[in-house]
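Student: I should like a close look at a single part of this structure, namely the place where two of its helices pack together. Please set out what meets there, and then follow the chain outward from that contact.

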Amino acid sequence: MTTKQRAFLKGLAQTTDPILSLGKASLTPEFTAAVSEALKARELIKINVLKNCVDVPESLAVTLAERTHAEVVQVIGRKIVLFKRNHENPGIILPGEKIKKKNK
């Protein structure tokens, strides 16, 4: 991902609300599955790390990205933004990407 594409995704994430909250239980297999499903549906998600979570948000972001095969867009304070391209039905076209049309 280029810096221009990352900046574009940061701009999109700025107006989105967190859809998942990570709390005291930290990273569980169920939470990882929920993140994976959300990434498949939305491509770009924001996660809120609650104050009762003892883990560092930066390390949580890297671990989640590895487990879901996503990319960390940014971590600001206790907010994590992840992006994963949906190749079947892309909803976000990044700068510098060519639109692939399907032949019917």
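**The helix contact and its surroundings**

Tutor: Glu43 is buried, with a relative accessible area of 2%. This residue is a useful point of entry in what is a predicted model, for Glu43 is found in the loop between α2 and β2, and α2 is one of the two helices to be examined.

Helix α2 covers residues 29-42 and helix α3 covers residues 57-68. Two packed helices are described by the angle between their axes and the distance between the axes. Here the axes come within 10 Å and cross at roughly 70 degrees. An angle from 65 to 115 degrees counts as roughly perpendicular, and α2 is therefore roughly perpendicular to α3. The crossing in which α2 passes α3 is right-handed.

On the α2 side, the residues that take part are Phe31, Thr32, Val35, Ser36 and Leu39; on the α3 side they are Leu64, Arg67 and Thr68. Sorted by class, this contact has four nonpolar, three polar and one charged residues.

Two of the α3 residues deserve individual attention. Leu64, in helix α3, is buried, with a relative accessible area of 0%. Setting aside neighbours within four places in sequence, Leu64 is in contact with Phe31, Thr32 and Val35, and also with Leu27, Ile47 and Leu82. As a contrast in position, Asn86 is 22 residues from Leu64 in sequence, and their C-alpha atoms are 17 Å apart in space.

Thr68 likewise has its place in helix α3. Thr68 is buried, at 2% relative accessible area. With neighbours within four places in sequence again left aside, Thr68 is in contact with Thr32, Val35, Ser36, Leu39 and Lys84. Thr32 and Val35 are thus among the contacts of Leu64 and among those of Thr68.

Beyond α3 the chain enters the loop between α3 and β3, where His69 has its place. His69 has a positive phi of about 60 degrees although it is not a glycine. At 66% relative accessibility, His69 counts as exposed, because the cut-off for that class is over 50%. Further on, strand β3 spans residues 71-76 and includes Gln74. Gln74 has a relative accessible area of 18% and is buried, since the limit for that class is under 20%. Apart from its neighbours within four places in sequence, Gln74 is in contact with Lys10, Lys79, Ile80 and Val81.

It remains to return to the loop after α2. Glu43 also has a positive phi, of about 75 degrees, although it is not a glycine. Side chains of opposite charge can pair when their charged atoms come close. The side chain of Glu43 meets that of Arg85 in a salt bridge, at 3.4 Å from N to O. Arg85 lies in the segment after β4 (79-83) and Glu43 in the loop between α2 and β2 (44-49), so the pair ties together parts that are 42 residues apart in sequence. The count of salt bridges comes to one. Both Arg85 and Glu43 are buried.

Note on methods. Residues are numbered from 1 along each chain as its sequence is written. This is a predicted model: local features need pLDDT of at least 70, side-chain atom pairs count only at pLDDT 80 or more; totals for chains, interfaces and linings use all residues. Side-chain values use heavy atoms; hydrogens and water are left out. Axes are lines fitted to C-alpha atoms, for helices over the stretch in contact, and angles run from 0 to 180 degrees between N-to-C directions. Helices (H or I, at least four residues) and strands (E, at least two) are DSSP runs, numbered from the N terminus. Angles under 35 degrees count as roughly parallel, over 145 as roughly antiparallel, 65 to 115 as roughly perpendicular and the rest as oblique. A crossing is left-handed if the near helix is turned anticlockwise from the far one by less than a right angle, and right-handed if clockwise. Contact means heavy atoms within 4.5 Å. Ala, Val, Leu, Ile, Met, Phe, Trp, Tyr, Cys and Pro count as nonpolar, Asp, Glu, Lys and Arg as charged, and the others, Gly among them, as polar. Buried means under 20% relative accessible area, exposed over 50%, partly exposed in between (1.4 Å probe, protein chains only). A salt bridge is a side-chain nitrogen of Lys or Arg within 4 Å of a carboxyl oxygen of Asp or Glu.
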